[in-house]
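I opened this entry to record what I looked up in the structure. The notes follow the order in which I consulted the model.

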Amino acid sequence: MTYKFNVYNGCIILMRKLNNAFDSVKLNFYLNLLNFLPFVILTVSGMIIQIEYHIHELPDAYVVSGLNRSGWLLIHKISSVISFAGIVLHCIMHRKYIVTVTKKILNRKNKPKILLSYYLLIIYIPASLICLFTWIFLNHEDTLRHTLIEVHDKLTILLIIFTAMHLIQRAGWMVRTIKKLFITRISGDIHEKTAD
Ligand code: HEM
Ligand code: HEM
C-alpha cells in the first residue's frame with residue numbers, strides 16, 4: 001500500500017516537473033521568436049548609421065533606403081528599447097545558467113567552462129547600457145556622448161559576431177522545439193482521429 005502510494009506520489013511530482021519544464025520550453029520558444037525581429041531591425045538600422053553616416057560621412061539629410069539619419073536613428077532607438085526588454089526577459093528565463101556560470105568563474109577551484117552565451121551577455125551589457133545612458137542623460141553637444149557612442153560602435157561589431165554565433169549554435173534547439181511542439185502534436189492528433 002505504502003509502496004503504491006509512493007509510486008503514485010512520485011509520478012505526480014514527475015508529471016508536475018515535466019509540465020513546468022514544458023511550459024518554460026514553450027515560453028522560451030515564443031520569446032526567442034519574438035526577440036528575433038527587433039534584434040534584426042536594431043542591427044540593420046545601427047549598421048546603416050555606422051557605415052553611411054559615420055564611415056562614409058554622408059550629410060545627415062542624405063536619404064538612404066528611404067530615410068535620413070534622424071529617421072534611422074528613431075528606428076534604432078525604438079527597436080533598442082523593444083529588443084532590450086526582450087533580452088532582459090530572455091536573461092531572466094536563463095538566470096540559472098547565468099548564476100551557475102558566474103559562480104564557476106568566481107570559484108577558481110573549478111576550471112570554468114565559459115560558454116559562448118556568457119561572453120555574449122558580457123558584451124551585451126555595456127553595448128546596450130552605454131547608449132541607453134547617453135540617450136537619456138547626455139545632450140547632443142556633450143563630448144562624452146560622442147566618445148561613448150564611439151565605444152558603442154566598436155562593441156556592437158563584437159555583439160553582431162557573437163549574436164550570429166549564438167543564433168547558429170542554438171538554431172538546432174529551435175528546430176527540435178518546433179518538432180516537439182507542432183509536428184509530434186499533429187501526428188498525435190492524426191493517430192487519435194484514426195483510432196476513433
Ligand atoms: C544579445 C543578447 C543575448 C544574450 C545575452 C543571450 C543569452 C542567452 C543565454 C544565457 C542562454 C542560455 C544558455 C544557452 O542555452 O546557451 C540563451 C539561449 C538561447 N538564446 Fe539567447 N541571448 C541573446 C540573444 C538572443 C536572441 C536575439 C535570440 C533569438 C532571436 C536568442 C535565442 C536563443 C536560443 C534559441 C537559446 C536556446 C534555447 C533557450 O533555452 O531559449 N538569444 N541565450
Ligand atoms: C546590434 C548592433 C548595433 C549597432 C550596429 C549599433 C549602432 C549604433 C550607432 C552607429 C549609433 C550612433 C547613432 C548616431 O550617430 O546618431 C547608435 C546609437 C544608439 N544605439 Fe546602437 N547599435 C547597435 C546595438 C544597440 C543596442 C543593443 C542598443 C540598446 C539596447 C542600442 C541603443 C542605441 C541608442 C539608444 C542610441 C542613441 C544614443 C544617443 O543618441 O545618445 N544600440 N547605435
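I began with the shell around ligand 2, sorted by class: twelve residues are nonpolar, eleven polar and three charged. The model is predicted, and I read every entry here with that in mind. Of the 26 residues around ligand 2, I noted Gly46, Ser80, Ser128, Cys131 and Thr134 as those that come nearest. Two or more residues of this shell are given by each of H1, H2, H4 and H5.

I then turned to ligand 1. Its shell holds 22 residues, of which Asn28, Phe36, Ser117, Leu121 and Arg170 come nearest. The elements that supply two or more residues here are helix H1 (2-55), helix H2 (69-93), H3, helix H4 (116-137) and helix H5 (143-195). I recorded H5 as the element that gives the most, with six residues. By class, I counted 13 nonpolar, eight polar and one charged residue in the shell around ligand 1.

Next I looked up helix H4. Leu121, Ala127, Ser128, Cys131 and Thr134 are buried in this helix. Of these names, Leu121 also stands among the nearest residues to ligand 1, while Ser128, Cys131 and Thr134 stand among the nearest to ligand 2. I checked the length of H4 as well: its 22 residues, at 1.5 Å a residue, should span 32 Å, and the end C-alpha atoms are indeed 32 Å apart.

I applied the check to helix H3 (residues 95-106). Twelve residues at 1.5 Å each should span 16 Å, and the distance of 16 Å between the end C-alpha atoms agrees. Is H3 buried or in the open? The number of buried residues among its twelve is zero, so H3 lies largely in the open.

I also consulted one position in helix H1, isoleucine 41. Isoleucine 41 is partly exposed because 17 other C-beta atoms lie within 10 Å, a count between the limits of 12 or fewer for exposed and 20 or more for buried. Neighbours within four places in sequence set aside, isoleucine 41 is in contact with Ile75 and Ser79. Histidine 76 is 35 residues away from isoleucine 41 in sequence, yet the two C-alpha atoms are 7.3 Å apart in space.

Last, I noted the chain as a whole. I found five helices and zero strands, in the order α-α-α-α-α along the sequence. Of the 196 residues, 9% count as buried. Among contacts between residues at least 6 apart in sequence, 67% join residues at least 24 apart.

Conventions
Residues numbered from 1 in each chain as written. Chains lettered and ligands numbered in written order. Predicted model: local features only at pLDDT ≥ 70, side-chain atom pairs only at ≥ 80, totals over all residues. Helix = DSSP H or I, 4+ residues; strand = E, 2+ residues; numbered from the N terminus. Expected span 1.5 Å × (residues − 1). Near = placed C-beta within 6 Å. Nonpolar A, V, L, I, M, F, W, Y, C, P; charged D, E, K, R; others polar. Contact = placed C-beta atoms within 7 Å.
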